[in-house]
Structures are given as C-alpha cells and as structure tokens.
Amino acid sequence: FRDSIWPSATPEWLLCMGARLSEQKFLIFSAPELWYHCLMMPVLFPLGNWFFVGDRYFTDARVFALGTALVFLLYWCSVFTLTYAVRSVIRWFPDARQAVWRTLVMLGLVGALTVGLAAFDVWAYSLFPLLGTRFDADTVGDIIVLGLVFDVFLVLVLNIIYTYAQWQWQQTEKDTLKRQAMQHQLETLKGQINPHFLFNSLNSL
C-alpha cells in the first residue's frame, strides 16, 4: 500500500504522521488504515464497554478508566491479529479478478478468528472484579456479534484500499509505458531527420 492513496481531504498533520508511520517497515498498517482505526475507536470503545460493563462505564470514573485502558489493549491486539490474517489472504489472492474469492476467504478467516478473540476479551474483562463482567456464553455471544459487524467493515475497508492501490499502480504503469513509447517515437523521428540518415538513404537509392 502506498501513502498516495490517503484521501485528499485528510488534515495535513495527520497525513504527515501517517506517512512517517507507514515508512517504518516494522508496522503492518498503512496510513489509510491508521486513519480508519482512529475513526473507529471512539465508536467501538464505548459500545464495547457498554456490552461488557453496562451503564456503569458512563457513570463510574474508575470503571471508565479501567474499561477504556483494557479495551484499548484488546482492540489493538485484535486489530494486529486480524490485519495480519487479511494480509495473508491478499498474498494468496493478489489479482483484481480474484476479488470475490479474496473477500469471501477474508470474511471466513476473520470471522473464525473473531470467535476466539471474543472469548479471550470476555475472559480478560472477567479478571477485574471492578468491571463485574461474567465469563459466560451470553456475554461471549454478544461480543461475537459486535466483532462480526466490525469484521465486515474491516474487510470491506481493507479490500477497497488494496483494490484502489492496485488500480493506481496499474495506471502508473500504463502512464510509464505510454511515456516510454512516445519517447521512443520521438527518438525515431529525430533519427529520421538526422542529416547522416538522409545522406545514407540517398546513397542507398
């Protein structure tokens, strides 16, 4: 993925930050993906904590602080895992004509991982008595539903980013080939009007 696919309406300071982060080879997120997660966190954090803790998340400062810190860690743990899985599927189905299979395999793999991650998240919350979360099937089921909704958005966003980057790369290649062809034609025309070429052509006649 390239930094050039960052939306033009993005604030310049965030664009620069994302570009610098994307240049670091040890990170697996592109700039648009970081932007997407920055937008999703304010939505998913309160929603996830409401599922786990209930109204106390909004009324108790200690619960709010602990819940926010915990969901932050769990969110990025899940995102790293799911993004790596999506990257693997992209490597298996890199061609644009494989978009349907790529999307279906992504949804299947990410959905299966989400079930395990949901159980892990509920277990992590149950370790803190202050949060009052029970590790049971009902709670895990609620988080699986929330996770699957997030998965659909994640897969769609990553597919759109990848498809657009691939299209942009193809357009760049076409433009490069077109410029090379025009340059070759120009060099050919220059050679044809070269005096030595004309002299040699007259001699051949």
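# Helix packing and ring pairs in a predicted model

Student: What does the protein chain hold in helices and strands?

Tutor: The protein chain has seven helices and zero strands. Helices (H or I, at least four residues) and strands (E, at least two) are DSSP runs, numbered from the N terminus. Along the sequence the pattern reads α-α-α-α-α-α-α. This is a predicted model, where local features need pLDDT of at least 70 and side-chain atom pairs count only at pLDDT 80 or more, while totals for chains, interfaces and linings use all residues. Residues are numbered from 1 along each chain as its sequence is written, and side-chain values use heavy atoms, with hydrogens and water left out.

Student: Why is α4 called roughly antiparallel to α5?

Tutor: Take the angle. Helix α4 (residues 61-92) and helix α5 (residues 99-126) pack at about 155°, with axes 10 Å apart. Axes are lines fitted to C-alpha atoms, for helices over the stretch in contact, and angles run from 0 to 180 degrees between N-to-C directions. Angles under 35 degrees count as roughly parallel, over 145 as roughly antiparallel, 65 to 115 as roughly perpendicular and the rest as oblique. Therefore α4 is roughly antiparallel to α5.

Student: Which residues make that contact of α4 with α5?

Tutor: Contact means heavy atoms within 4.5 Å. Among them, Leu70, Leu74 and Val89 in α4 meet residues of α5 including Val105, Leu109 and Phe120. By class, the contact of α4 with α5 has 17 nonpolar, four polar and two charged residues. Here Ala, Val, Leu, Ile, Met, Phe, Trp, Tyr, Cys and Pro count as nonpolar, Asp, Glu, Lys and Arg as charged, and the others, Gly among them, as polar.

Student: What makes α2 and α4 oblique?

Tutor: Their axes come within 10 Å and cross at roughly 135°. That angle falls in none of the named ranges, so α2 and α4 are oblique to each other. The contact includes Met40, Leu44 and Phe45 of α2 and Val71, Phe72 and Tyr75 of α4. It divides into nine nonpolar, four polar and two charged residues.

Student: How many aromatic pairs does the structure hold?

Tutor: The structure holds nine aromatic pairs. One of them is Phe45 with Phe72, edge-to-face, at 6.3 Å centre to centre and 90° between the planes.

Student: Why is the pair of Phe45 and Phe72 called edge-to-face?

Tutor: Rings of Phe, Tyr and Trp (its six-membered ring) pair if their centres lie within 6.5 Å; planes under 30 degrees apart count as stacked, over 60 as edge-to-face and the rest as tilted. At 6.3 Å the rings pair, and at 90° they are edge-to-face. The pair links distant parts of the chain: Phe45 in helix α2 (residues 31-52) and Phe72 in helix α4 are 27 residues apart.

Student: How do you know whether Phe45 and Phe72 are buried or exposed?

Tutor: Buried means under 20% relative accessible area, exposed over 50%, partly exposed in between (1.4 Å probe, protein chains only). Phe45 has 10%, so Phe45 is buried. Phe72 has 40%, so Phe72 is partly exposed.

Student: Which residues do ring pairs link into a cluster?

Tutor: Phe45, Phe72, Tyr75, Trp76 and Phe80. Tyr75 and Trp76 are both buried.

Student: Why does Gly147 count as buried?

Tutor: Gly147 sits in helix α6 (residues 137-192). Its relative accessibility is 16%, so Gly147 counts as buried. Gly147 and Ala118 are 29 residues apart in sequence, yet 7.2 Å apart in space, C-alpha to C-alpha. Of the 205 residues of the protein chain, 35% count as buried.
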